[in-house]
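Hi everyone, thanks for making time this morning. Let me put the structure up, and then I'll walk you through the parts I'd like us to look at together.

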Amino acid sequence: MSDTIHRTMGQQSGRRSWAEPWKIKMVEPLRMTRPEDRAGALAEAGYNTFLLRSDDVYIDLLTDSGTNAMSDRQWAGMMLGDEAYAGSRNFYRLEEAIQTWYGYPFIVPTHQGRGAEHLISQAAIRKGQYVPGNMYFTTTRLHQELAGGIFVDVITDAAHDPANLSPFKGDVDIAKLENLVAEHGAASIAYVSLAGTVNMAGGQPVSMANVKALSAFCRGHGIKLFLDATRLVENAFFIQEREPGYADKPLAAIVREFCDYSDGAWMSAKKDALVNIGGWLAVRDRALFEELRNLVVVYEGLHTYGGLAGRDMEAMAIGIAESMQDDHMRARIGQVRYLAELLQDWGVPMVQPVGGHAIFLDARAFYPHLRQDQFPSQTLAAELYLDSGIRSMERGIVSAGRDPETGDHHYPKLELTRLTIPRRVYTQAHMDVVAESVKAVYDARAAARGLKMVYEPRYLRFFQARFEPLS
Ligand SMILES: *Cc1c(COP(=O)(O)O)cnc(C)c1O
């Protein structure tokens, strides 16, 4: 596999480098931060990168959600917005794009991914039913639980091990699903919820063989299979690269085949689809569609806009087509790998293999002298910001929250700091600056003292918690 990676990177002798299949027409100036200002801004933000003002950030790697750069075609499309309340022409363009590229007949637009998760959960889950999935995602699981469902993690064990090098760590362990069905019966399963790639596992992909086997299993038991298609084009890139028989298939054909195994899908278009806002839900069953189309009017807006402006639907329709281009995805994932390879050469510890949208630094290995309740990942995010103005995100003990029974912290196995790469936004030179900053922080790792939490909100504490340095 590392052979393939080097081939993709164009770094083997005698090969040519790859480059982005676009050039830059408009630029957005960045604020060059100064060390003394960063120290003040970080203290004011309680050492939590979520509480920094974006004006105080130089390179922003907090998330890849809604942070995409749109193309000139998409911006031109914004001018073609038909802001009619009902029957906007942009809706029909979006509907056609989803039918063409993802292959589902019935489409409901939503304001973003969680809007779609809300509708499908309300329509397809009865109270007390199980919803097996390949690892949880925060908003997905919350909507399933709010609808009375019980989430069950059926992902392969390899996904929980940052050093495991399996090529498809997002796969469902079908034996786990079989056990669930054997124990409770197929009627107790609302549907199987399959995400490709798996965000919380580090952007790890699902294989075509797995979705095919899963689909056969589900059909055999009369269970529906729904996809979280948020990063499905990134997932298709890994299938093309790693799964026998797919090397010569275009990404668009792989995405279509993957979707063909499912009964429907939802998407946060803020990721793959290269827009700043938007989402959708699509199914094959007409009766379910009628119900979803009715529910969307209650929660999002009329079924031909779903909480979006006409111009946003137009940009999404164009972005979907752009996201399916092989050259685009090769450059997108190529950039993530470019950064990863620089860091690997310097021995910086991270989750392996590197996934599609981000690099997850292993803060436990960075700071072996810090106890987990001294917040190593939070410390690493703070140190990176202090060093260079780069914003990253904690994914460790702070994100994991507390056990509601005992009141103790959850102590997750993975203690990570995420560097998330927005699409088409930063250059390779920015990646060099990021790598050098991570290296500088790594070199100074022995001096890190850790943090103590001085304010803790009750829900989703990682967004708003405040810290102070330990002396
Ligand atoms: C971001 C995301 C969502 C939720 O989408 P929003 O647009 O943020 O509401 C759902 N699933 C996955 C895998 C995501 O990454």
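Let me start with a small puzzle: in which loop does proline 353 lie? Proline 353 is in the loop between α13 and β9. Please keep in mind throughout that this is a predicted model. What makes that loop worth a stop is the peptide bond from glutamine 352 to proline 353, which is cis, with omega near -15 degrees.

There is another cis bond to look at, and this one has no proline in its name: it runs from glycine 196 to threonine 197, with omega near -5 degrees. Threonine 197 sits in the loop between β5 (192–195) and α8 (208–221). While we are on backbone geometry, have a look at methionine 135 too. Its phi is near 70 degrees, a positive value in a residue other than glycine, and methionine 135 is placed in the loop between β3 (130–133) and α6 (138–146).

Now let's follow the chain into β9, since that strand belongs to a sheet. The sheet is open and has three strands, in the order β9-β12-β11, with antiparallel pairing. At the edges are β9 (358–362) and β11 (393–395), each of which pairs on one side only. On average, neighbouring strands here are turned by 35 degrees against each other, ignoring direction. Between β9 and β12 (residues 416–420) there are five bridges, in the antiparallel sense. If you want one pair to click on, isoleucine 359 has leucine 419 in β12 as its bridge partner. Packed on this sheet is helix α15 (residues 376–388), which touches β9, β11 and β12 and makes an angle of about 40 degrees with the direction of β12.

Let me zoom out to the domains. The assignment gives domain 1 (35–60 + 326–469) and domain 2 (72–323). Their C-alpha centres are 28 Å apart, and 21 residues of domain 1 are in contact with 29 residues of domain 2.

So what about empty space? A search of the whole structure turns up two cavities of 30 Å³ or more. The largest has a volume of about 80 Å³, and its lining includes Trp22, His328, Arg332 and Tyr426. By class, that lining has four nonpolar, two polar and four charged residues.

The second largest cavity holds about 40 Å³. Why do we say that the second largest cavity lies between domain 1 and domain 2? Because both domains give residues to its lining. Among those lining residues are Asp161, Lys169, Met200, Val351 and Leu416. Here the split is seven nonpolar, one polar and two charged.

Last stop: the second largest pocket, with about 1500 Å³ of space. It is lined by 38 residues, and Met26, Ala69, Met70, Arg424 and Val425 lie nearest its centre. The elements giving two or more residues to this lining are α3 (72–78) and α13 (326–345), with α3 providing the largest share, three residues. The lining divides into 16 nonpolar, eleven polar and eleven charged residues. Domain 1 and domain 2 each supply at least three residues to the lining of this pocket.

That's my tour. I'm happy to rotate the view to whichever spot you'd like to see again!

Note on methods. Residues numbered from 1 in each chain as written. Predicted model: local features only at pLDDT ≥ 70, side-chain atom pairs only at ≥ 80, totals over all residues. Heavy atoms only, no water. Pairing = 2+ DSSP bridges. Helix = DSSP H or I, 4+ residues; strand = E, 2+ residues; numbered from the N terminus. Axes fitted to C-alpha atoms, helices over the stretch in contact; angles between N-to-C directions. Contact = heavy atoms within 4.5 Å. 1 Å grid on protein atoms, 1.4 Å probe; cavity = no way out; pocket = protein on both sides within 12 Å on 5 of 7 lines; lining within 4 Å. Points joined across faces, edges and corners; volume = space filled by probe spheres on them. Nonpolar A, V, L, I, M, F, W, Y, C, P; charged D, E, K, R; others polar. Domains from an automatic or database assignment.
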